[in-house]
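Trainee: I would like to learn how to read a sheet, going from a pair of strands to the whole. Could we work through one together?

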Amino acid sequence: MKYLIFILLLISCQSKTTNDSIIEQESDYFEAIEANDIKLSEPQEGEWLFGRNEKGQTFEQYTKANPVRPIAGKSTIYLKPIGQFTNLQKEALKLLRDYVELYFQQKTVLLEPFSDKNIPKSARRKRSDGSEQLLAPYVLDSLLKGKNPKDAMALMAISEKDLYPKPEWNYVFGLASYTNRVGVSSMYRFQNKTLDSTNFTLCLRRLMNVSTHEIGHMLSFHHCINARCTMNGSNNLSETDLCPNRLCSECQKKQYWNFRYDNRKRLKELLAFLKENKIEGDFKRLNLDLETLK
Ligand SMILES: [Zn+2]
Ligand SMILES: [Zn+2]
């Protein structure tokens, strides 16, 4: 028994040393960007953290939780549109693919749209304004679970119709399953019903935020209570709009530990994308990180 305990202690010490050295090598980067983390303010009524006991997740808790990681032959992120999309919506999805690939520094594939016609009546409902909603757990359990392509690390569906999680709920922006590595979000509310040139950038920004948040859950991230961060929980669209397209330094450590990419390359590529697509608030926020690193 003593022998077993000794081996376990050795494994645990080795794993801590390895984790520490991986982050240690990038300590200049993480220490610099930590200065740009913005503290969360006291939650107000109606906000996600108001009256909610979120525990958060430290770097150590994440690495010890055996998170989903890219492994040989299973490292691609798939995006699966569900419904009938206009050309402008398809354009937003293409840009979303580009962003997700840069954000995770991981090959990302946009699949052909999948019709929602075969979703049964029991998993859809009409609202008083005539718009239709799809039952998000049905999409996860019946359309996505077990349908991950062989090389998929995560499969994220994007519905063009609105979603609801349970009959008594009005709607939900997105839902993801940790264990099955599948998720779904809807672009319906991001575009104020119809996507056009006036709301395209806003819709794209929201899609980027919610999709990377949900894929983060699939990669074993919990909600973040460390600072303002893409992994903060959100109750409504105005809270989502305040949620940055930037992981806080603690969550960036987790993601870097998981993927081992070049942090500076990722930052520069994300900045180029944000500039090109005129997503100004997030560009300014990430540019501060670049300036701090100089
Ligand atoms: Zn969440
Ligand atoms: Zn965070």
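Mentor: Let us begin with a hairpin, bearing in mind that this is a predicted model. Strands of a sheet pair through backbone hydrogen bonds, and they do so either parallel or antiparallel. Here strand β7, residues 174-177, and strand β8, residues 182-186, run antiparallel and are joined by 4 bridges; to find one of the partners, look at Leu175, which is matched in β8 by Val184.

Trainee: Which residue in the hairpin of β7 and β8 takes a positive phi?

Mentor: That residue is Arg181, with a phi near 55°, in a hairpin that has 4 residues between the strands.

Trainee: In what order do the strands of the open sheet lie?

Mentor: The order is β2-β1-β5-β8-β7, so read it as an open sheet of 5 strands whose pairing is mixed. At the edges are β2, residues 108-110, and β7, each of which pairs on one side only, and from one strand to the next the twist averages 15°.

Trainee: Do β1 and β5 run parallel or antiparallel, and how many bridges join them?

Mentor: Strand β1, residues 76-82, runs parallel to strand β5, residues 152-159, and 7 bridges join the two; in one of these pairings, Tyr78 has Leu155 of β5 as its bridge partner.

Trainee: Which helices pack on the sheet?

Mentor: Helix α4, residues 87-104, packs there and touches β1, β2 and β5, with its direction at about 160° to that of β1. Helix α6, residues 200-218, also packs on the sheet, touching β1, β5, β7 and β8, and its direction makes about 160° with that of β8.

Notes:
Residues numbered from 1 in each chain as written. Chains lettered and ligands numbered in written order. Predicted model: local features only at pLDDT ≥ 70, side-chain atom pairs only at ≥ 80, totals over all residues. Axes fitted to C-alpha atoms, helices over the stretch in contact; angles between N-to-C directions. Contact = placed C-beta atoms within 7 Å.
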